[in-house]
Amino acid sequence: MSLLLDSARISEAETVSHWGWVGGITTNPALLAGSGLSPTETLARLASLTPGPVFYQLTARDLEGMLEEAGRAAKILGDQLVVKIMPTPAGFQAAARLSEKISCALTAVFSPAQALVAQAAGARFVIIYYHRARTLLPEAESRQLVGDCLAALSGSETHLLAASVKSPHEAIELRRAGVEYLTLPLSVLEALVPHPLSEQAAQEFQKHGAGI
Ligand code: G3P
């Protein structure tokens with residue numbers, strides 16, 4: 001199981017780098033556009049702040065452009081790179097071409113059929129947008145999305161990763177359903193930690209306890 005940071009802000013990556021329990025960083029074009037630095041500089045700085053994977057999403061729309069862009073990303077991120085690819089016909093083709101050499105993640109996946117194709121194309125990850133699926137898909141489809149994607153990937157080496165997770169409650173729902181990887185905004189990662197009863201217990205130990 002792994003928790004990742006969904007952000008391209010250097011200050012946020014710095015914050016989680018001190019915690020030691022966040023396993024990597026996911027970005028997307030919108031997050032990179034808001035980082036305040038160039039995408040190249042942002043990616044290099046993010047990579048220096050995590051020993052884990054840094055996800056970069058291709059912006060080219062045609063196959064040749066995607067392959068070239070993945071090569072440029074690999075120069076910046078080396079072995080830390082996971083290329084995020086949109087699930088378009090060209091995107092699946094790019095994943096099939098790249099996945100032997102570079103870890104690929106098909107992103108913004110909204111159906112188990114897309115997960116099936118991602119797995120067949122050799123993707124390491126399938127990324128679903130959980131909150132968006134819950135709010136935008138018909139109820140029956142959204143209720144089954146996680147279970148059906150897990151079933152589509154079962155027995156393979158392709159992992160389900162959930163993004164668009166808006167609360168600790170949604171994170172737990174996803175874990176309960178069997179999702180191994182969650183990428184969360186800083187606010188949700190922070191919100192996983194405290195509980196008033198833990199705080200109360202800590203204060204009691206501080207007041208009445210002894211230690212070495
Ligand atoms: O990384 C992208 C994903 O987390 C999307 O989140 O909040 O735009 O649905 P959101």
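Is Ser35 buried or exposed? The exercises below begin with this residue.

The structure is a predicted model, in which local features need pLDDT of at least 70, side-chain atom pairs count only at pLDDT 80 or more, and totals for chains, interfaces and linings use all residues. Residues are numbered from 1 along each chain as its sequence is written, and side-chain values use heavy atoms, with hydrogens and water left out.

**Exercise 1. Classify Ser35 and describe its surroundings.**

Solution.
- Step 1: Ser35 lies in the loop between α2 (29–33) and α3 (39–48). Helices (H or I, at least four residues) and strands (E, at least two) are DSSP runs, numbered from the N terminus.
- Step 2: Ser35 counts as buried because its relative accessibility is 14%. Buried means under 20% relative accessible area, exposed over 50%, and partly exposed in between (1.4 Å probe, protein chains only).
- Step 3: Leaving aside residues up to four places away in sequence, Ser35 touches Ala8 and Thr42, where contact means heavy atoms within 4.5 Å.
- Step 4: A polar atom of the Ser35 side chain lies 3.2 Å from the backbone nitrogen of Leu37. A polar contact is a pair of N or O atoms within 3.5 Å; within protein, one must be able to donate a hydrogen and the other to accept it, and residues adjacent in sequence count only if both atoms are side-chain atoms.

**Exercise 2. Locate Ser17 and identify the backbone oxygen that its side chain reaches.**

Solution.
- Step 1: Ser17 is placed in helix α1.
- Step 2: With a relative accessible area of 31%, Ser17 is partly exposed.
- Step 3: The Ser17 side chain reaches the backbone oxygen of Glu14 at 2.7 Å.
- Step 4: Between the C-alpha atoms of Ser17 and Ser156, 139 residues apart along the chain, the separation is 31 Å.

**Exercise 3. Establish the strand order of the barrel and examine the pairing of β7.**

Solution.
- Step 1: The barrel is closed by 8 strands in the order β1-β2-β3-β4-β5-β6-β7-β8, with parallel pairing. Two strands pair if DSSP finds at least two bridges between them.
- Step 2: β1 (residues 2–6) pairs with β2 in the parallel sense over 2 bridges, and Leu5 stands opposite Ile25 in β2.
- Step 3: β6 (residues 125–129) runs parallel to β7 and is joined to it by 5 bridges. Val126 stands opposite Leu160 in β7.
- Step 4: β7 and β8 (residues 181–184) pair in the parallel sense over 2 bridges, and the bridge partner of Leu161 in β8 is Tyr181.
- Step 5: In β7 (residues 159–163), 4 of the 5 residues are buried, and the strand is mostly covered.

**Exercise 4. Count the salt bridges and trace the network that includes Arg134.**

Solution.
- Step 1: A salt bridge is a side-chain nitrogen of Lys or Arg within 4 Å of a carboxyl oxygen of Asp or Glu. This rule gives 3 salt bridges.
- Step 2: Glu170 and Arg134 form a salt bridge through their side chains, at 3.7 Å from N to O. Glu170 lies in helix α9 (residues 168–176) and Arg134 in helix α7 (residues 130–136), so this pair ties together parts that are 36 residues apart in sequence.
- Step 3: Arg134 also forms a salt bridge with Glu173, with the closest N and O atoms 2.9 Å apart. This pair links helix α7 and helix α9 across 39 residues.
- Step 4: Glu170 counts as buried at 5% relative accessibility, Glu173 counts as buried at 18%, and Arg134 is partly exposed at 40%.
- Step 5: The side chains of Glu139 and Arg143 meet in a salt bridge at 3.2 Å, N to O. Glu139 is exposed, with a relative accessible area of 57%, and Arg143 counts as exposed at 57%. Both residues lie in helix α8 (residues 139–153), 4 residues apart, about one turn of the helix.
- Step 6: Salt bridges that share partners join Arg134, Glu170 and Glu173 into one network.

**Exercise 5. List the buried residues of α5 and state what covers them.**

Solution.
- Step 1: In helix α5 (residues 89–98), the residues Ala90, Gly91, Phe92, Ala94, Ala95 and Leu98 are buried.
- Step 2: Their cover includes α4 (63–77), β4 (81–85), β5 (103–109) and α6 (112–120).
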